[in-house]
Amino acid sequence: LALDGGRVLLAHQLLENRVPDAVPAGEAAARVSNLIGVTPLRTLLEGEGDVELARTIDLDAGDIGGADPAGLCVTASGAIVVSLGGVGAVAIGDSRAEAFRRVEVGARPTAVIAAAEGSTAWVASTFADEVTLIDAQAHRALATVPLGPPSPEPTIADRGEVLFHDGRLSGDGRMSCHSCHVDGHTNNRLADTLGDDTTGTPKRVISLLGVTDSGPWAWNGDMPYLDLQVRLTVKMTMSGKALTDTQVNAITAYLRWLTPPPSLALARGEAAPTDAVARGRETFRERRCVRCHKPPEYTSPARFDVGLADEAGRTRFNPPSLRSVSQRDSFFHDGRAGSLLEVLDRFGHPDDSEYSRAELADLIAFLESLHR
């Protein structure tokens, strides 16, 4: 809440689905804007459906963008302080400021809280294991407090995690790998990544949980090695400088550490309907779903015509893994299906299949039982 109590401030990112015809040199192809949205509290309390922001404040002004805004607070003196997790800084300003000023803090600042009085605020930096006291009026750090003994020597996966969340790998500092793949998962949006040699063909951002077992990579399956996919993403999607071998190895090691989540039922401690799962497994085999989604990873290295075209007319895609599919709520390359029932019943996947109500229930029970 702003000090006047009548406005709400929201730190957020905006991802444009499509790449413009000409991307300026040094700017990321996947256009991400880092913003503070401002909306009247009354609009939130009384409005129905989606709420339009009254205005936005740009956090990308300056020499480097404001990748991954996270925590936000308003100090007792009225200053807005927002942590920029991807660039190791906080941005400080007010609702009238055209450009926020930066104060550098520890690696990946994620949370801020204002002191009860004055212009100071505390910033927690996740990767640095420390909190920093800043003066929002003087725009400087006053003190840094470690949260424990020095960390042990980081593993290669630890170093990869830091790089994964570092917006400075992109050409303009507006985005990190984390911006689209939140903590290695997904932002559940469509992005025009240039990863399939086309523009104007946004694809669903796939979760990276379990990504090492789902090769080849990219929706067209053209990437035979994960390290090549890492290099391509930073170069093409993020318009960043070429990564060193050491950086690529570290990021790849972090990705290998990301395992698939459990099925939704397992996560909730619920028992799967055993008989329905068994019948659904048989239906999965009889309908030849295993052609594209072969156990145990429930994917395939090939491309298949799924009968659903992208904006360039392409209909052949590499199938994503179905492990932990119960944790998803959008499906196909463009997210046009919002449930497994829609995939099977509305779109007749695969090959315009038709199912009885009993077959649908059993097949969905089987798919929702799949886990790591």
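How many bridges join strand β1 to β2, and in which sense do the two strands run? In this predicted model, strand β1 (residues 7-15) is joined to β2 by nine bridges, and the strands run antiparallel. Within this pairing, histidine 12 has leucine 35 of β2 as its bridge partner. Strand β2, which spans residues 32-40, also pairs with strand β3 (residues 55-58), again in the antiparallel sense, over four bridges. Leucine 35 stands opposite aspartate 58 of β3, while its bridge partner in β1 is histidine 12. Strand β2 is mostly covered, with eight of its nine residues buried.

A nonpolar patch of about 260 Å² is found at the surface, made by Leu44, Leu45 and Val51. Leucine 45 belongs to helix α1, which comprises residues 41-46. The relative accessible area of leucine 45 is 65%, so this residue is classed as exposed.

In the interior, the largest nonpolar core contains 25 residues, of which Leu243, Ile251 and Leu255 touch the most other members. Helices α2 (156-164), α3 (177-180), α4 (226-237) and α5 (245-257) each supply at least two residues of this core. The largest contribution comes from α5, with five residues. When neighbours within four places in sequence are set aside, leucine 255 is in contact with Phe164, Leu208, Val211, Thr212, Leu226 and Val230. A second, separate core has 22 residues, among them Leu308, Val325, Leu340 and Val343.

Several backbone features were also identified. Most residues other than glycine have a negative phi, and most peptide bonds are trans. The peptide bond from glycine 215 to proline 216 is cis, with omega near -5°, and proline 216 lies in the loop between β13 (203-204) and α4. That loop between β13 and α4 also holds alanine 218, whose phi is positive, near 80°. Alanine 218 is partly exposed because its relative accessible area is 28%, between the limits of 20% and 50%. Proline 295 and proline 296 are likewise joined by a cis peptide bond, with omega about 5°; proline 296 is located in the loop between α7 (274-286) and β14 (304-305). Aspartate 183, although not a glycine, has a positive phi of about 50°. This aspartate 183 is placed in the loop between α3 and β12 (190-191) and is partly exposed at 42% relative accessible area.

A search of the whole structure gives 16 salt bridges. In one of them, the side chains of arginine 168 and aspartate 166 meet at 3.0 Å, N to O. Arginine 168 is partly exposed, with a relative accessible area of 47%, whereas aspartate 166 is buried at 16%. Aspartate 362 and arginine 279 form another salt bridge, in which the closest N and O atoms are 2.8 Å apart. This pair links distant parts of the chain, with aspartate 362 in helix α9 (residues 357-369) and arginine 279 in helix α7, 83 residues apart. Aspartate 362 counts as buried, at 10% relative accessibility, and arginine 279 is partly exposed at 45% relative accessible area.

Helix α9 also contains arginine 357, which lies twelve residues from aspartate 345 of helix α8 (residues 340-346). Arginine 357 and aspartate 345 form a salt bridge, the closest N and O atoms being 2.9 Å apart. Arginine 357 is exposed, with 53% relative accessible area, while aspartate 345 is partly exposed at 37%. Finally, Asp60, Asp172 and Arg174 are joined into one network by salt bridges that share partners.

Note on methods: Residues are numbered from 1 along each chain as its sequence is written. This is a predicted model: local features need pLDDT of at least 70, side-chain atom pairs count only at pLDDT 80 or more; totals for chains, interfaces and linings use all residues. Side-chain values use heavy atoms; hydrogens and water are left out. Buried means under 20% relative accessible area, exposed over 50%, partly exposed in between (1.4 Å probe, protein chains only). Two strands pair if DSSP finds at least two bridges between them. Patches are made of residues with over 30% relative accessible area and no salt bridge: like charges are joined within 9 Å, nonpolar side chains (Val, Leu, Ile, Met, Phe, Trp, Tyr) within 5 Å. Accessible areas come from the Shrake-Rupley method with a 1.4 Å probe; for residues, only the protein chains shown count as cover. A salt bridge is a side-chain nitrogen of Lys or Arg within 4 Å of a carboxyl oxygen of Asp or Glu. A nonpolar core is a set of buried Ala, Val, Leu, Ile, Met, Phe, Trp, Tyr and Cys residues joined through side-chain atoms within 4.5 Å. Contact means heavy atoms within 4.5 Å.
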